[in-house]
Amino acid sequence: MLRLSKVPDAHINNPQNIMKSFEAVKLYFNRAADELELTENMRTLLLTPKREVQVQIAVEMDNGDLQTLIGYRVQHDNARGPMKGGLRFHPEVDLDEVRSLASLMTWKTAVVNIPYGGAKGGIAVDVRGLSVGELERITRKFVDEIHDVIGPDTDIPAPDMGTSAEVMAWIMNQHNKYHGFNPGVVTGKPVEHYGIPGREEATGRGVGILAFKTLSRLGRKPHETRVALQGFGNVGSHAAKFLSEADCKVVGISDISGGYYNPDGINVLEAIRYVNKHERSLEGFPSAEKISNEELLELDVELLIPAALGGVITADNAQRIKAPLIIEAANAPVRPDADDLLHDRGVVIVPDILANAGGVTVSYFEWVQNRQYYQWNLDRVRQELDRVISAAFEEVWDLSHQRNISLRTAAFMLGIGRVGRATVLGGIT
Ligand code: NAD
(Lines give C-alpha, C1' and ligand atoms only; values in the text may rest on other atoms or scores of the structure.)
Protein backbone atom coordinates (compact mmCIF):
# COMPACT_ATOMS: atom_id res chain seq x y z
CA MET A 1 0.00 0.00 0.00
CA LEU A 2 1.26 3.49 -0.85
CA ARG A 3 2.02 5.64 2.24
CA LEU A 4 2.39 9.41 2.10
CA SER A 5 5.47 10.89 3.77
CA LYS A 6 7.18 14.26 4.03
CA VAL A 7 8.82 15.59 0.86
CA PRO A 8 12.61 15.30 1.40
CA ASP A 9 14.65 18.48 1.66
CA ALA A 10 16.20 18.07 -1.77
CA HIS A 11 17.81 21.50 -2.01
CA ILE A 12 20.70 21.39 0.41
CA ASN A 13 22.65 24.62 0.16
CA ASN A 14 26.11 24.08 -1.21
CA PRO A 15 28.49 26.18 0.93
CA GLN A 16 30.94 26.22 -1.98
CA ASN A 17 28.48 28.12 -4.14
CA ILE A 18 29.50 31.56 -2.88
CA MET A 19 29.33 32.81 -6.45
CA LYS A 20 26.36 31.12 -8.08
CA SER A 21 27.45 28.68 -10.79
CA PHE A 22 25.78 30.52 -13.66
CA GLU A 23 27.31 33.85 -12.59
CA ALA A 24 30.78 32.30 -12.84
CA VAL A 25 30.09 31.01 -16.36
CA LYS A 26 28.77 34.46 -17.35
CA LEU A 27 31.95 36.09 -16.08
CA TYR A 28 34.14 33.85 -18.27
CA PHE A 29 31.69 34.25 -21.16
CA ASN A 30 31.87 38.05 -20.96
CA ARG A 31 35.67 38.10 -20.92
CA ALA A 32 35.70 36.12 -24.17
CA ALA A 33 32.80 38.14 -25.58
CA ASP A 34 34.83 41.33 -24.96
CA GLU A 35 37.71 39.89 -26.99
CA LEU A 36 35.23 38.93 -29.72
CA GLU A 37 33.60 42.38 -29.50
CA LEU A 38 30.12 40.83 -29.31
CA THR A 39 27.16 43.18 -29.00
CA GLU A 40 25.02 43.14 -25.85
CA ASN A 41 22.09 41.72 -27.83
CA MET A 42 24.19 38.86 -29.15
CA ARG A 43 25.50 38.13 -25.65
CA THR A 44 21.95 37.93 -24.31
CA LEU A 45 20.90 35.64 -27.15
CA LEU A 46 23.85 33.27 -26.65
CA LEU A 47 23.50 33.14 -22.87
CA THR A 48 19.74 32.58 -22.74
CA PRO A 49 18.79 28.89 -22.64
CA LYS A 50 16.40 27.69 -25.37
CA ARG A 51 14.26 25.79 -22.93
CA GLU A 52 14.19 24.94 -19.23
CA VAL A 53 12.06 22.05 -18.07
CA GLN A 54 11.24 21.30 -14.44
CA VAL A 55 9.17 18.24 -13.66
CA GLN A 56 7.63 16.48 -10.70
CA ILE A 57 8.77 12.88 -10.20
CA ALA A 58 6.43 11.06 -7.84
CA VAL A 59 7.63 7.54 -7.00
CA GLU A 60 6.75 4.79 -4.61
CA MET A 61 9.75 3.72 -2.51
CA ASP A 62 10.38 0.10 -1.47
CA ASN A 63 8.85 0.71 1.98
CA GLY A 64 5.63 2.00 0.44
CA ASP A 65 6.41 5.69 1.08
CA LEU A 66 5.60 8.23 -1.60
CA GLN A 67 8.49 10.53 -2.53
CA THR A 68 8.16 13.60 -4.70
CA LEU A 69 11.39 14.64 -6.40
CA ILE A 70 12.20 17.51 -8.76
CA GLY A 71 13.84 16.80 -12.12
CA TYR A 72 15.40 19.33 -14.50
CA ARG A 73 16.48 19.45 -18.12
CA VAL A 74 17.98 22.68 -19.42
CA GLN A 75 18.48 22.84 -23.18
CA HIS A 76 20.87 25.68 -23.71
CA ASP A 77 21.67 25.89 -27.41
CA ASN A 78 21.22 23.88 -30.61
CA ALA A 79 22.74 26.14 -33.27
CA ARG A 80 25.50 23.59 -34.03
CA GLY A 81 23.45 20.38 -33.66
CA PRO A 82 21.34 18.33 -31.24
CA MET A 83 21.84 19.33 -27.63
CA LYS A 84 24.05 17.10 -25.52
CA GLY A 85 24.79 16.81 -21.83
CA GLY A 86 24.81 14.61 -18.76
CA LEU A 87 22.20 13.74 -16.18
CA ARG A 88 23.24 14.30 -12.57
CA PHE A 89 21.46 12.59 -9.66
CA HIS A 90 22.70 14.43 -6.55
CA PRO A 91 21.03 16.17 -3.58
CA GLU A 92 22.59 19.54 -4.47
CA VAL A 93 21.19 19.64 -8.01
CA ASP A 94 19.21 22.83 -8.61
CA LEU A 95 18.17 24.91 -11.58
CA ASP A 96 21.09 27.34 -11.32
CA GLU A 97 23.66 24.53 -11.35
CA VAL A 98 21.96 22.70 -14.23
CA ARG A 99 21.70 25.94 -16.20
CA SER A 100 25.40 26.71 -15.80
CA LEU A 101 26.44 23.16 -16.70
CA ALA A 102 24.15 23.23 -19.77
CA SER A 103 25.82 26.37 -21.07
CA LEU A 104 29.28 24.91 -20.36
CA MET A 105 28.28 21.96 -22.57
CA THR A 106 27.48 24.35 -25.43
CA TRP A 107 30.97 25.87 -25.29
CA LYS A 108 32.61 22.47 -24.68
CA THR A 109 31.11 20.75 -27.72
CA ALA A 110 32.02 23.81 -29.80
CA VAL A 111 35.65 23.93 -28.55
CA VAL A 112 36.25 20.34 -29.65
CA ASN A 113 34.18 21.05 -32.76
CA ILE A 114 31.73 18.16 -32.60
CA PRO A 115 28.28 18.81 -34.14
CA TYR A 116 26.31 19.28 -30.96
CA GLY A 117 24.80 21.99 -28.81
CA GLY A 118 24.61 21.91 -25.02
CA ALA A 119 22.17 20.68 -22.38
CA LYS A 120 22.22 19.28 -18.86
CA GLY A 121 19.76 17.64 -16.54
CA GLY A 122 19.41 16.21 -13.13
CA ILE A 123 17.30 15.14 -10.22
CA ALA A 124 17.75 16.44 -6.68
CA VAL A 125 18.15 13.06 -4.99
CA ASP A 126 20.74 11.22 -2.91
CA VAL A 127 21.31 7.95 -4.77
CA ARG A 128 23.35 6.42 -1.93
CA GLY A 129 20.28 5.36 0.01
CA LEU A 130 18.34 4.04 -3.00
CA SER A 131 17.79 0.40 -3.96
CA VAL A 132 18.36 -0.57 -7.60
CA GLY A 133 14.59 -0.84 -8.02
CA GLU A 134 14.00 2.66 -6.62
CA LEU A 135 16.71 4.13 -8.88
CA GLU A 136 15.16 2.43 -11.91
CA ARG A 137 11.63 3.68 -11.06
CA ILE A 138 12.88 7.25 -10.55
CA THR A 139 14.76 7.12 -13.87
CA ARG A 140 11.82 5.72 -15.85
CA LYS A 141 9.40 8.20 -14.27
CA PHE A 142 11.74 11.06 -15.23
CA VAL A 143 11.77 9.79 -18.84
CA ASP A 144 7.95 9.61 -18.76
CA GLU A 145 7.98 13.34 -17.99
CA ILE A 146 10.62 14.48 -20.51
CA HIS A 147 10.49 11.93 -23.38
CA ASP A 148 8.91 14.43 -25.75
CA VAL A 149 11.75 16.94 -25.44
CA ILE A 150 14.70 14.52 -25.74
CA GLY A 151 15.65 12.34 -28.72
CA PRO A 152 18.55 11.44 -31.03
CA ASP A 153 17.99 14.54 -33.17
CA THR A 154 17.05 16.95 -30.39
CA ASP A 155 18.74 16.31 -27.04
CA ILE A 156 20.88 13.34 -26.04
CA PRO A 157 21.51 12.74 -22.30
CA ALA A 158 24.59 10.92 -20.92
CA PRO A 159 25.88 9.83 -17.48
CA ASP A 160 27.16 12.29 -14.89
CA MET A 161 27.49 12.20 -11.09
CA GLY A 162 25.14 9.59 -9.62
CA THR A 163 24.15 8.04 -12.94
CA SER A 164 25.70 5.08 -14.74
CA ALA A 165 25.66 2.99 -17.91
CA GLU A 166 22.80 0.97 -16.38
CA VAL A 167 20.73 4.15 -15.88
CA MET A 168 21.38 5.06 -19.54
CA ALA A 169 20.11 1.61 -20.64
CA TRP A 170 16.84 2.25 -18.71
CA ILE A 171 16.51 5.67 -20.34
CA MET A 172 16.92 4.15 -23.81
CA ASN A 173 14.41 1.41 -23.04
CA GLN A 174 11.80 3.80 -21.59
CA HIS A 175 12.20 6.35 -24.41
CA ASN A 176 11.95 3.61 -27.04
CA LYS A 177 8.57 2.54 -25.58
CA TYR A 178 7.17 5.93 -26.64
CA HIS A 179 9.13 6.58 -29.85
CA GLY A 180 10.31 3.22 -31.23
CA PHE A 181 13.77 1.63 -31.24
CA ASN A 182 16.60 4.14 -31.38
CA PRO A 183 19.74 3.59 -29.29
CA GLY A 184 21.08 7.05 -30.22
CA VAL A 185 18.69 8.76 -27.76
CA VAL A 186 21.27 8.47 -24.99
CA THR A 187 25.03 7.77 -24.76
CA GLY A 188 27.25 6.15 -22.14
CA LYS A 189 25.26 2.91 -22.45
CA PRO A 190 26.80 -0.47 -21.45
CA VAL A 191 29.30 -1.57 -24.13
CA GLU A 192 27.36 -4.81 -24.71
CA HIS A 193 24.11 -2.84 -25.06
CA TYR A 194 24.77 -0.33 -27.86
CA GLY A 195 27.62 1.40 -25.97
CA ILE A 196 31.13 2.01 -27.29
CA PRO A 197 34.46 0.64 -26.08
CA GLY A 198 36.67 3.32 -24.54
CA ARG A 199 33.84 5.55 -23.24
CA GLU A 200 34.70 4.83 -19.62
CA GLU A 201 38.36 5.83 -19.95
CA ALA A 202 37.68 8.70 -22.37
CA THR A 203 37.60 11.70 -20.02
CA GLY A 204 40.69 10.57 -18.09
CA ARG A 205 42.50 9.76 -21.32
CA GLY A 206 41.65 13.20 -22.70
CA VAL A 207 43.04 14.78 -19.52
CA GLY A 208 46.21 12.72 -19.94
CA ILE A 209 46.65 13.69 -23.61
CA LEU A 210 46.21 17.38 -22.73
CA ALA A 211 48.62 17.14 -19.80
CA PHE A 212 51.20 15.61 -22.09
CA LYS A 213 50.76 18.26 -24.77
CA THR A 214 50.85 21.18 -22.33
CA LEU A 215 53.94 19.83 -20.57
CA SER A 216 55.68 19.55 -23.90
CA ARG A 217 54.77 23.18 -24.80
CA LEU A 218 56.09 24.28 -21.41
CA GLY A 219 59.37 22.43 -22.05
CA ARG A 220 58.84 19.93 -19.23
CA LYS A 221 59.80 16.28 -19.54
CA PRO A 222 57.28 13.66 -18.32
CA HIS A 223 59.87 11.81 -16.21
CA GLU A 224 60.64 15.07 -14.37
CA THR A 225 56.95 15.74 -13.72
CA ARG A 226 55.43 14.97 -10.33
CA VAL A 227 51.64 14.77 -10.37
CA ALA A 228 48.93 15.11 -7.70
CA LEU A 229 45.32 14.18 -8.47
CA GLN A 230 42.26 14.94 -6.38
CA GLY A 231 39.57 12.30 -6.93
CA PHE A 232 40.27 8.70 -7.83
CA GLY A 233 36.99 7.81 -9.51
CA ASN A 234 36.45 7.31 -13.22
CA VAL A 235 38.29 10.43 -14.40
CA GLY A 236 41.06 10.61 -11.78
CA SER A 237 42.05 6.94 -11.93
CA HIS A 238 42.15 6.81 -15.75
CA ALA A 239 44.14 10.07 -15.93
CA ALA A 240 46.58 8.73 -13.29
CA LYS A 241 47.02 5.46 -15.22
CA PHE A 242 47.62 7.27 -18.52
CA LEU A 243 50.18 9.63 -16.97
CA SER A 244 52.07 6.96 -15.04
CA GLU A 245 52.26 4.83 -18.20
CA ALA A 246 53.62 7.94 -19.97
CA ASP A 247 56.48 8.13 -17.42
CA CYS A 248 55.17 10.88 -15.11
CA LYS A 249 55.58 10.32 -11.37
CA VAL A 250 52.21 10.29 -9.61
CA VAL A 251 53.09 11.26 -6.02
CA GLY A 252 49.65 12.12 -4.63
CA ILE A 253 46.12 10.75 -5.09
CA SER A 254 42.96 11.27 -3.08
CA ASP A 255 39.29 10.53 -2.76
CA ILE A 256 36.56 11.30 -0.27
CA SER A 257 38.49 9.30 2.38
CA GLY A 258 41.50 11.69 2.19
CA GLY A 259 44.84 12.08 0.40
CA TYR A 260 47.69 9.58 -0.07
CA TYR A 261 51.23 10.83 -0.68
CA ASN A 262 54.43 9.04 -1.60
CA PRO A 263 57.35 11.23 -2.82
CA ASP A 264 58.91 8.16 -4.49
CA GLY A 265 55.81 7.62 -6.61
CA ILE A 266 52.53 5.79 -6.11
CA ASN A 267 51.99 2.54 -7.98
CA VAL A 268 48.81 3.58 -9.81
CA LEU A 269 47.86 0.07 -10.91
CA GLU A 270 48.16 -1.09 -7.28
CA ALA A 271 45.88 1.81 -6.23
CA ILE A 272 43.31 0.87 -8.92
CA ARG A 273 43.35 -2.76 -7.80
CA TYR A 274 42.95 -1.52 -4.20
CA VAL A 275 39.82 0.58 -4.88
CA ASN A 276 38.34 -2.23 -6.97
CA LYS A 277 38.67 -4.53 -3.94
CA HIS A 278 37.53 -1.96 -1.35
CA GLU A 279 34.17 -0.63 -2.55
CA ARG A 280 35.78 2.06 -4.76
CA SER A 281 37.56 3.62 -1.74
CA LEU A 282 41.25 4.35 -1.09
CA GLU A 283 40.63 4.19 2.70
CA GLY A 284 43.57 2.26 4.23
CA PHE A 285 45.68 2.36 1.04
CA PRO A 286 49.19 1.23 2.10
CA SER A 287 52.57 2.39 0.68
CA ALA A 288 51.68 6.09 1.12
CA GLU A 289 51.46 8.71 3.85
CA LYS A 290 47.92 9.82 4.71
CA ILE A 291 47.34 13.54 4.15
CA SER A 292 44.22 15.69 3.86
CA ASN A 293 42.55 16.70 0.60
CA GLU A 294 43.59 20.32 1.32
CA GLU A 295 47.24 19.26 1.70
CA LEU A 296 47.05 17.29 -1.51
CA LEU A 297 46.11 20.40 -3.48
CA GLU A 298 49.11 22.25 -2.03
CA LEU A 299 51.74 19.54 -2.69
CA ASP A 300 55.05 20.49 -4.28
CA VAL A 301 54.33 19.05 -7.73
CA GLU A 302 54.66 20.15 -11.35
CA LEU A 303 51.11 19.12 -12.30
CA LEU A 304 47.88 19.30 -10.27
CA ILE A 305 44.70 17.62 -11.52
CA PRO A 306 41.50 18.35 -9.57
CA ALA A 307 39.22 15.50 -10.69
CA ALA A 308 36.53 15.40 -8.01
CA LEU A 309 34.46 18.45 -7.09
CA GLY A 310 33.83 21.99 -8.24
CA GLY A 311 35.08 25.02 -6.27
CA VAL A 312 38.02 23.38 -4.46
CA ILE A 313 40.63 25.98 -5.45
CA THR A 314 39.64 29.26 -3.87
CA ALA A 315 41.07 32.71 -3.19
CA ASP A 316 42.04 31.28 0.25
CA ASN A 317 44.24 28.42 -0.91
CA ALA A 318 45.31 29.76 -4.33
CA GLN A 319 48.47 31.39 -2.93
CA ARG A 320 49.55 28.07 -1.42
CA ILE A 321 49.15 26.08 -4.65
CA LYS A 322 52.67 25.21 -5.82
CA ALA A 323 51.91 23.45 -9.11
CA PRO A 324 52.76 25.61 -12.15
CA LEU A 325 50.23 23.64 -14.25
CA ILE A 326 46.62 22.74 -13.38
CA ILE A 327 44.39 20.63 -15.61
CA GLU A 328 40.71 21.07 -14.68
CA ALA A 329 39.42 17.52 -15.00
CA ALA A 330 36.37 18.26 -12.81
CA ASN A 331 33.87 20.94 -13.84
CA ALA A 332 34.77 24.35 -12.35
CA PRO A 333 37.27 23.22 -9.68
CA VAL A 334 38.94 26.67 -9.75
CA ARG A 335 36.72 29.54 -8.62
CA PRO A 336 36.91 32.75 -10.68
CA ASP A 337 38.69 34.78 -7.95
CA ALA A 338 41.33 32.03 -7.60
CA ASP A 339 41.61 31.83 -11.39
CA ASP A 340 42.71 35.48 -11.50
CA LEU A 341 45.23 35.07 -8.66
CA LEU A 342 46.76 31.98 -10.27
CA HIS A 343 46.85 33.56 -13.72
CA ASP A 344 48.69 36.59 -12.28
CA ARG A 345 51.26 34.23 -10.76
CA GLY A 346 51.84 32.63 -14.17
CA VAL A 347 50.16 29.31 -13.31
CA VAL A 348 48.90 27.67 -16.52
CA ILE A 349 45.32 26.33 -16.25
CA VAL A 350 43.85 24.06 -18.90
CA PRO A 351 40.13 24.92 -18.50
CA ASP A 352 37.36 22.37 -17.92
CA ILE A 353 35.59 23.04 -21.23
CA LEU A 354 38.67 21.68 -22.99
CA ALA A 355 40.22 19.48 -20.27
CA ASN A 356 37.29 17.13 -19.69
CA ALA A 357 35.86 17.14 -23.23
CA GLY A 358 37.15 13.61 -23.92
CA GLY A 359 33.95 12.12 -22.48
CA VAL A 360 31.52 14.01 -24.69
CA THR A 361 33.79 13.39 -27.69
CA VAL A 362 33.56 9.62 -27.28
CA SER A 363 29.84 9.99 -26.53
CA TYR A 364 29.61 11.57 -29.97
CA PHE A 365 31.40 8.52 -31.46
CA GLU A 366 28.86 6.29 -29.69
CA TRP A 367 25.98 8.25 -31.24
CA VAL A 368 27.63 8.05 -34.69
CA GLN A 369 28.10 4.30 -34.18
CA ASN A 370 24.43 3.89 -33.14
CA ARG A 371 23.28 5.76 -36.22
CA GLN A 372 25.51 3.66 -38.44
CA TYR A 373 24.53 0.36 -36.74
CA TYR A 374 28.24 -0.40 -36.85
CA GLN A 375 30.49 -1.27 -33.89
CA TRP A 376 33.74 0.70 -33.56
CA ASN A 377 36.74 -0.95 -31.90
CA LEU A 378 38.90 0.49 -29.12
CA ASP A 379 41.84 1.36 -31.40
CA ARG A 380 39.62 3.46 -33.63
CA VAL A 381 38.00 5.21 -30.66
CA ARG A 382 41.39 6.09 -29.15
CA GLN A 383 42.82 7.27 -32.45
CA GLU A 384 39.85 9.54 -33.18
CA LEU A 385 39.77 10.86 -29.61
CA ASP A 386 43.48 11.73 -29.76
CA ARG A 387 42.90 13.53 -33.07
CA VAL A 388 39.91 15.60 -31.87
CA ILE A 389 41.44 16.57 -28.50
CA SER A 390 44.85 17.37 -30.00
CA ALA A 391 43.34 19.59 -32.71
CA ALA A 392 41.30 21.51 -30.11
CA PHE A 393 44.36 21.93 -27.90
CA GLU A 394 46.46 23.36 -30.75
CA GLU A 395 43.74 25.89 -31.61
CA VAL A 396 43.25 27.00 -28.00
CA TRP A 397 47.00 27.19 -27.34
CA ASP A 398 47.70 29.21 -30.50
CA LEU A 399 44.85 31.65 -29.89
CA SER A 400 45.93 32.19 -26.29
CA HIS A 401 49.47 33.01 -27.42
CA GLN A 402 48.43 35.17 -30.37
CA ARG A 403 46.18 37.30 -28.14
CA ASN A 404 48.15 37.02 -24.89
CA ILE A 405 45.09 35.74 -23.03
CA SER A 406 44.54 32.77 -20.72
CA LEU A 407 43.79 29.33 -22.12
CA ARG A 408 40.33 29.69 -20.52
CA THR A 409 39.48 32.90 -22.35
CA ALA A 410 40.88 31.41 -25.58
CA ALA A 411 38.77 28.26 -25.19
CA PHE A 412 35.63 30.33 -24.49
CA MET A 413 36.42 32.54 -27.50
CA LEU A 414 36.70 29.54 -29.81
CA GLY A 415 33.51 27.98 -28.47
CA ILE A 416 31.45 31.17 -28.43
CA GLY A 417 32.77 32.21 -31.86
CA ARG A 418 31.66 28.91 -33.39
CA VAL A 419 28.22 28.99 -31.77
CA GLY A 420 27.77 32.66 -32.73
CA ARG A 421 28.65 31.99 -36.38
CA ALA A 422 26.31 28.98 -36.55
CA THR A 423 23.52 31.08 -35.02
CA VAL A 424 23.96 33.84 -37.59
CA LEU A 425 24.40 31.42 -40.53
CA GLY A 426 21.24 29.50 -39.53
CA GLY A 427 19.23 32.72 -39.35
CA ILE A 428 18.20 34.20 -36.02
CA THR A 429 14.58 35.21 -36.54
P1 NAD B 1 33.35 9.54 -9.83
O2 NAD B 1 32.10 9.55 -9.02
O3 NAD B 1 33.73 8.32 -10.58
O4 NAD B 1 34.61 9.89 -8.87
C5 NAD B 1 34.62 10.99 -8.03
C6 NAD B 1 35.84 10.88 -7.13
O7 NAD B 1 35.89 12.05 -6.31
C8 NAD B 1 35.79 9.70 -6.16
O9 NAD B 1 37.09 9.17 -6.00
C10 NAD B 1 35.31 10.35 -4.86
O11 NAD B 1 35.71 9.63 -3.69
C12 NAD B 1 36.02 11.67 -4.96
N13 NAD B 1 35.46 12.67 -4.06
C14 NAD B 1 34.14 12.90 -3.79
N15 NAD B 1 34.03 13.86 -2.86
C16 NAD B 1 35.29 14.25 -2.57
C17 NAD B 1 35.84 15.20 -1.69
N18 NAD B 1 35.05 15.95 -0.91
N19 NAD B 1 37.19 15.35 -1.66
C20 NAD B 1 37.97 14.61 -2.44
N21 NAD B 1 37.52 13.67 -3.29
C22 NAD B 1 36.20 13.50 -3.33
O23 NAD B 1 33.24 10.82 -10.78
P24 NAD B 1 34.02 11.07 -12.15
O25 NAD B 1 33.19 10.54 -13.27
O26 NAD B 1 35.43 10.64 -12.00
O27 NAD B 1 33.91 12.66 -12.25
C28 NAD B 1 34.81 13.51 -11.53
C29 NAD B 1 34.57 14.95 -11.96
O30 NAD B 1 34.77 15.08 -13.37
C31 NAD B 1 33.15 15.48 -11.71
O32 NAD B 1 33.25 16.84 -11.38
C33 NAD B 1 32.46 15.34 -13.05
O34 NAD B 1 31.40 16.27 -13.21
C35 NAD B 1 33.63 15.65 -13.98
N36 NAD B 1 33.45 15.09 -15.33
C37 NAD B 1 33.34 13.74 -15.51
C38 NAD B 1 33.21 13.24 -16.79
C39 NAD B 1 33.11 11.75 -17.05
O40 NAD B 1 33.12 11.35 -18.22
N41 NAD B 1 33.07 10.91 -16.03
C42 NAD B 1 33.17 14.10 -17.90
C43 NAD B 1 33.29 15.48 -17.69
C44 NAD B 1 33.43 15.95 -16.38
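Trainee: What does the secondary structure of the protein come to?

Mentor: In this predicted model, the secondary structure comes to 14 helices and 13 strands.

Trainee: How do you know that the radius of gyration agrees with that of a compact globule?

Mentor: For 429 residues, a compact globule would have a radius of gyration near 22 Å, and the protein has 21 Å, so the two agree. The C-alpha atoms fill a box of roughly 60 × 55 × 45 Å along the principal axes. Of the 429 residues, 58% count as buried. The protein exposes about 18,300 Å², and carbon and sulfur atoms supply 49% of that area.

Trainee: What share of the contacts with a separation of 6 or more comes from residues 24 or more positions apart?

Mentor: Such pairs account for 69% of these contacts. An example of two residues distant in sequence is Gly-420 and Met-42, which are 378 residues apart in the chain and 8.0 Å apart in space, C-alpha to C-alpha. Gly-420 belongs to helix H14, residues 407–426. Not counting residues up to four places away in sequence, Gly-420 touches Met-42 and Leu-46.

Trainee: Why is Gly-420 called buried?

Mentor: The term buried requires a relative accessible area under 20%. Gly-420 has 10%, and therefore it is buried.

Trainee: What makes strand S4 largely enclosed by the rest of the structure?

Mentor: Strand S4 covers residues 83–89, and seven of its seven residues are buried, so the strand is largely enclosed. S4 pairs with strand S5, residues 117–123, in the parallel sense over five bridges. Within this pairing, the bridge partner of Leu-87 is Gly-121 in S5. From S4 the chain crosses through helix H3, residues 95–111, to S5, and this β-α-β crossover is right-handed.

Trainee: In which sense do S4 and strand S6 pair?

Mentor: S4 and S6, residues 155–159, pair in the parallel sense over five bridges. There, Gly-85 stands opposite Pro-157 in S6.

Trainee: Why is Lys-120 called buried?

Mentor: Lys-120, found in strand S5, has a relative accessible area of 4%, which is under the 20% limit, and it is therefore buried. Leaving aside neighbours within four places in sequence, the residues in contact with Lys-120 include Tyr-72, Gly-86, Met-105 and Asp-160.

Trainee: How do you know that the side chains of Lys-120 and Asp-160 make a polar contact?

Mentor: A polar contact requires suitable N or O atoms within 3.5 Å. The value for the side chains of Lys-120 and Asp-160 is 3.1 Å, and the pair is accordingly listed as a polar contact.

Trainee: What makes His-76 a buried residue?

Mentor: His-76 lies in strand S3, residues 65–77. Its relative accessible area is 1%, under the 20% limit, so His-76 is buried. Leaving aside neighbours within four places in sequence, its contacts include Leu-46, Pro-49, Met-83, Thr-106 and Trp-107. A polar contact of 2.6 Å joins the side chains of His-76 and Thr-106. In addition, a polar atom of the His-76 side chain lies 3.0 Å from the backbone oxygen of Leu-46.

Trainee: How do you know that both faces of strand S11 are covered?

Mentor: In S11, residues 303–306, Leu-303 and Ile-305 on one side and Leu-304 and Pro-306 on the other are all buried. Strand S7, residues 226–230, pairs with S11 in the parallel sense over four bridges, and the partner of Ala-228 in S11 is Leu-304. S11 is also joined by two bridges to strand S12, residues 325–327, and these two run parallel. In S12, the partner of Leu-304 is Ile-326.

Trainee: Why is Glu-279 called exposed, whereas Ala-332 is called partly exposed?

Mentor: Exposed means over 50% relative accessible area, and partly exposed lies between 20% and that value. Glu-279 has 76% and therefore counts as exposed. Ala-332 has 37%, so it is partly exposed.

Trainee: What is the sign of phi in Glu-279 and in Ala-332?

Mentor: Most residues other than glycine have a negative phi. Glu-279 has a positive phi of about 50° although it is not a glycine. Phi of Ala-332 is also positive, near 55°. Glu-279 is placed in the loop between helix H8 and strand S10, and Ala-332 in the loop between S12 and helix H10.

Conventions
Residues are numbered from 1 along each chain as its sequence is written. This is a predicted model: local features need pLDDT of at least 70, side-chain atom pairs count only at pLDDT 80 or more; totals for chains, interfaces and linings use all residues. Side-chain values use heavy atoms; hydrogens and water are left out. Buried means under 20% relative accessible area, exposed over 50%, partly exposed in between (1.4 Å probe, protein chains only). Two strands pair if DSSP finds at least two bridges between them. A crossover is right-handed if, with the strands pointing away from the viewer, the path from the first strand over the helix to the second runs clockwise. The radius of gyration is taken over C-alpha atoms; the globule rule is 2.2 Å times the number of residues to the power 0.38. Contact means heavy atoms within 4.5 Å. Accessible areas come from the Shrake-Rupley method with a 1.4 Å probe; for residues, only the protein chains shown count as cover. A polar contact is a pair of N or O atoms within 3.5 Å; within protein, one must be able to donate a hydrogen and the other to accept it, and residues adjacent in sequence count only if both atoms are side-chain atoms.
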